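Let's take a walk through this model one piece at a time. Have the sequence and the 3D view open side by side.

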Amino acid sequence: MIQIPSVDLAKQYNGIREEINYAISHVLNSGWFIQGQEIAAFEEEFARYCGVKYAIGVGSGTEALHLSLVAYGVDSGDEVITVPNTAVPTVSAISFANARPAFVDIDPDTYTMDPEKLEEYLEKSSHAIKAKVVIPVHLYGHPADMDRILKIAQKYDLKVIEDACQAHGAEYKDKKVGSLGDAGCFSFYPTKNLSAYGDGGIVVTNDDEIAKKLRMLRNYGEETKYCNLIKGFNSRLDEIQGAILRVKLKYLDQWNKIRRKHANFYNDLLKNSPVITPIEMNYTKHVFHLYVVRLQNRDEMRQWLKNKGIVTNVHYPMPIHFQQAYRDLGYKKCNFPVAERYAMEILSLPMYPELTENNIKYICQTITEFYLDSVTYGERRIHDPL
């Protein structure tokens, strides 16, 4: 039986093995492992890639968001607005900053923050907790509608911190994500489009003062050695990861191009099936960190594919406000109907540059067989989009 994993990290490593091994050995031989030349060089290269002045390496994507919130003065008594269909780490970062997470529903086409819902929430908001920041999430690699979000944020005096942890290299109106808001946050978790071999993250910004503050926050609040101006944290991207990321950054656009090609091939093969394939808005460049479809009988399909050797995932099966950890926020079922409904329908098919066309053909053929095999074919058709 063919075996197709949801992601294959070993194949990527084997394709660039010599460069990676050399980069790691160079750091080991240097004897310098924290905040050295490799991190400084990577920060400069990634800032240039994103089209911003500064990039500040940190310990994870979650910490990129957390430290950005702290740098912009978010604290207890403040509210940070995001979406309920993101990964829990987005909201964990808000909790780390002692702020209250608030949610608005998502656009039914892009699965990202719905600007109309954001403005509607802000217009109706009358409670004592003041919204201070909005975090749009560029989910699955598709940018949120930043122009509209930025316009609303300006109207209500909100800072905008982009959660670009799934969108390395994605573009909104020919600008790289991360460069559009006040700051942009990326994760280098091993499965990301640009990934380390462990945890890692980075914040990009054009704000001189925020960049300076972030450099202190990540390193105990130090301005210079043993001179601590503010209360800080230990959240540093190490030299070995910096060296690895410098190698991989050279391949990012090439890998994203292949992901987009794979997505188009999936779309073409699935266009006559009951499956709803992802949309790319004409003002964006989707980088398909994940290839996420929607369908009824999702769990049954997932088991069918597993039985045929195809591993899939669900990103994410439970909206944040349904999680036990965040029930104290007081949200109820049907507060965010689009996000809640989609959580029951979404399925992430295998997506990585090393995937082959034959792999994709087999996956799509197996999906077609699921419908042909069923005597209840009509019951498995997805209902019309909202």
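Start with helix H2, which covers residues 17-30 of this predicted model. H2 has 14 residues, and the stretch from its first C-alpha to its last comes to 20 Å, close to the 20 Å you'd expect at 1.5 Å a residue. Which residues of H2 are buried? They are Ile 20, Ala 23 and Val 27. If you look down the axis of H2, these buried residues fall within an arc of 65°, so they line one face of the helix. Flip over to the other side of H2 and you'll find Glu 18, Tyr 22 and Asn 29, which are exposed.

What do the buried residues of H2 pack against? Their partners are helix H1 (9-15), helix H3 (37-50) and helix H9 (239-249). Right after H2 comes Gly 31, and its phi is positive, near 75°.

Now for a bit of sheet. As background, strands of a sheet pair through backbone hydrogen bonds, in either a parallel or an antiparallel way. Here, three strands make an open sheet in the order E7-E6-E12, with antiparallel pairing. Strand E7 (175-176) and strand E12 (284-285) are the edge strands, each pairing on one side only. Strand E6 (residues 171-172) is joined to E7 by two bridges, and the two run antiparallel. To see one bridge partner up close, pick Tyr 172: its partner in E7 is Lys 175.

Next, switch on your pocket view. The largest pocket has a volume of about 530 Å³ and is lined by 31 residues. Lying nearest its centre are Tyr 189, Thr 191, Lys 192, His 289 and Tyr 316. Which elements give two or more residues to the lining of the largest pocket? Those are helix H4 (61-71), helix H5 (88-96) and strand E14 (346-349). H4 gives the most to this lining, with three residues.

One last stop is Asn 234, which sits in the loop between strand E11 (227-228) and H9. H9 is also one of the helices that the buried residues of H2 pack against. Is Asn 234 buried, exposed or partly exposed? Its relative accessible area is 47%, so Asn 234 counts as partly exposed, a class that lies between the under 20% of buried residues and the over 50% of exposed ones. Leaving aside residues up to four places away in sequence, Asn 234 touches Arg 218 and Tyr 220. As for Gly 36, it is 198 residues from Asn 234 in sequence, while the two are 16 Å apart in space, C-alpha to C-alpha.

Notes. Residues are numbered from 1 along each chain as its sequence is written. This is a predicted model: local features need pLDDT of at least 70, side-chain atom pairs count only at pLDDT 80 or more; totals for chains, interfaces and linings use all residues. Side-chain values use heavy atoms; hydrogens and water are left out. Helices (H or I, at least four residues) and strands (E, at least two) are DSSP runs, numbered from the N terminus. The expected span of a helix is 1.5 Å times one less than its number of residues. Buried means under 20% relative accessible area, exposed over 50%, partly exposed in between (1.4 Å probe, protein chains only). The arc is that of the directions from the helix axis to the C-beta atoms. Contact means heavy atoms within 4.5 Å. Two strands pair if DSSP finds at least two bridges between them. On a 1 Å grid over the protein atoms alone, a cavity is a set of points where a 1.4 Å probe fits but cannot get out, and a pocket is an open set with protein on both sides within 12 Å along at least five of seven lines; lining residues have an atom within 4 Å of a point. Grid points are joined across faces, edges and corners, and a volume is the space filled by probe spheres set on the points.
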